[in-house]
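The following exercises are to be worked through with the sequence and the structure at hand. Each task is followed by a solution in steps.

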Amino acid sequence: MHKSIKANPWIYFEENMSLDFAEYQNYLFRRRFEKTISALLSSVNIIRRHTGRKTILFISQGTPEISKYEILKIFDPFNIISKRKTRFDWQIVDEIIKYANAENIAFYVLNPDVEFRKLLKDIDASVKFQSETLSMKEIKFSNYSLIHLAEETGGVLLRGGKKYEETVQELKRDLSYYYEIGYKPQREKEDGKYHRIEIKVKRPGVNVRSRKGYMDYSEEEKMKRNLASAFFSPEYFKEIEFRCEVNSIPEDKKNSLFWIRIEIPTEQFKRKESPPEDITLLFGIKELEEEKAHLGEVKIKIKEALKRNLSSLYYSFGTSDVKIKPGSYETAVILTSKEGKIGGYETLIKIPRLKKEPSPTILNSIFGFLKEKEGEGNLFTISREDGSLLLSKYRFFPSLGNEIKEGENIALFLQIYNPDDIEDSFLKFSLYKDENFISNLKFQRIESFFNKKMNILNEVYIFDLQDILPGDYQLKINFPEKIEKKIIGIKVFQ
């Protein structure tokens, strides 16, 4: 899967003071540029699914500006831009254009900047969009990209702050009056190449605006772009419904693993004539500053759940150890089927710098349920067999959403950074509703293990909730003689 950038770029700068300001500017540009490219890619993927007479994508302003043309390294774990690690910025934009043309999507662009240069007249005649070198007069890259996006996809580019009404008129006219011309290539299969298109008319005084070519992508290449879009913008992909939660579990001072659990409603597959045998789960963490990516996938057997007539499929698993520095990371969980449907989920994961954390600090508080089953392996490790937490006489399965059925007991897994070896026997668990105290919960400690190397206390408790009525509550965990407390929202349902 992939690693992700830190949430605040200033934190990155402050933690890397050896960088000069020019390097930092380059870092910010690359970050903005990547976000822009991924947004364009995601937009193309989203609107390509909605068929109609004509498909357009309206954007304004352009991509981030630079003063000179440099070779860029862009985060590209799926190799959708190129197998090469570095490319010119204009080449990267060209890939977006090729993909838009393959899906017959035109870019309509408005730049409100009144100082915007004249269109192609300001570009040196030696510019070759498909060449490996670029020769052009000084011009902002955002302006160049706008020209290129509109010109190559058969769209329209307007400039000036008062051009919005004119843009609307252009859209109305183009959506009402246009010719749709098609042809079928002689080749039987996609060749994965770019094909130029030139349309000529004999009528004098007529200007033709059309896309300049298309990329003959294979289904595999299209799917790769879909996954890349879902990876960068998971919130836009809802074709497969599921719930998900992710926690990072520190293994040692340099490594963590990630504990993932999902719940997939099976009704969405029952409606199909031929349900899929399985779907693929992709998990990713991205570290932009180091150009690294952690990518991995597992298969989830849907058909077996349907045969058992389950209303939902629960799945839990832990990743292998990931060498990762302290910080905040965007993580993505993507589900995809063979027919190309995609569902996405993302969350922010914090990897703490333990030595800077107060003592004690709760690193993880995860609700779940216990099953009596002994398992092979070290205590408080995640089973490769079923994704449970191994205990001496039980297995702990993490739940989702902190939801508890009325009348049932619930287990809680706590990981506490505890270098001062504070006695935990006086931990108090208090239940509140709307900030009003309800009761102190009765509990039993099931298992306990102190990791001396990490100074982390691992414990599993079970709580008696027999007398708790349905509703939303807050569970407050208080340490002995300490101000620090942890508040967890829980929901009791009938």
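In the protein chain, 70% of the contacts between residues at least 6 apart in sequence join residues at least 24 apart. The model examined here is predicted.

**Exercise 1.** Describe the protein chain as a whole by its elements and its burial.

*Solution.* Begin with the elements: the protein chain holds 8 helices and 26 strands. Next, consider burial: of its 494 residues, 47% are buried. Finally, turn to the surface: about 27300 Å² is exposed, and carbon and sulfur atoms supply 48% of this area.

**Exercise 2.** Determine which strands stand at the edges of the open sheet of 6 strands.

*Solution.* Step one is to write the order of the strands, which is 17-18-16-20-24-23, with antiparallel pairing. Step two is to look for strands with a single partner: these are strand 17 (389-390) and strand 23 (443-451), so each has one side without a neighbour in the sheet. Step three is to examine one pairing: strand 17 and strand 18 run antiparallel and are joined by 2 bridges. Here Leu 389 stands opposite Phe 396 of strand 18.

**Exercise 3.** Classify Tyr 394 as buried, partly exposed or exposed, and describe its surroundings.

*Solution.* First, locate the residue: Tyr 394 belongs to strand 18 (residues 394-398). Second, compare its relative accessibility with the cut-offs: buried means under 20% and exposed means over 50%. The value for Tyr 394 is 25%, and therefore Tyr 394 counts as partly exposed. Third, list its contacts: leaving aside residues up to four places away in sequence, Tyr 394 touches Leu 370, Lys 371, Glu 372, Lys 373, Leu 389 and Ile 446. Fourth, consider one of these partners: Glu 372 is 22 residues from Tyr 394 in sequence, yet their C-alpha atoms are 4.4 Å apart in space.

**Exercise 4.** Decide for Ser 399 and for Tyr 179 whether each is buried or exposed.

*Solution.* Ser 399 lies in the loop between strand 18 and strand 19 (403-405). Its relative accessible area is 12%, so Ser 399 is buried. Apart from residues up to four places away in sequence, Ser 399 touches Glu 245, Arg 261, Phe 367 and Gly 368.

Tyr 179 also lies in a loop, between helix 5 (164-176) and strand 6 (194-196). Because its relative accessible area is 80%, Tyr 179 is exposed. Tyr 179 forms a nonpolar surface patch with Ile 181, Ile 199, Val 201, Val 206 and Val 208, and together these residues have about 620 Å² of accessible area.

Methods
Residues are numbered from 1 along each chain as its sequence is written. This is a predicted model: local features need pLDDT of at least 70, side-chain atom pairs count only at pLDDT 80 or more; totals for chains, interfaces and linings use all residues. Side-chain values use heavy atoms; hydrogens and water are left out. Helices (H or I, at least four residues) and strands (E, at least two) are DSSP runs, numbered from the N terminus. Buried means under 20% relative accessible area, exposed over 50%, partly exposed in between (1.4 Å probe, protein chains only). Contact means heavy atoms within 4.5 Å. Patches are made of residues with over 30% relative accessible area and no salt bridge: like charges are joined within 9 Å, nonpolar side chains (Val, Leu, Ile, Met, Phe, Trp, Tyr) within 5 Å. Accessible areas come from the Shrake-Rupley method with a 1.4 Å probe; for residues, only the protein chains shown count as cover. A salt bridge is a side-chain nitrogen of Lys or Arg within 4 Å of a carboxyl oxygen of Asp or Glu. Two strands pair if DSSP finds at least two bridges between them.
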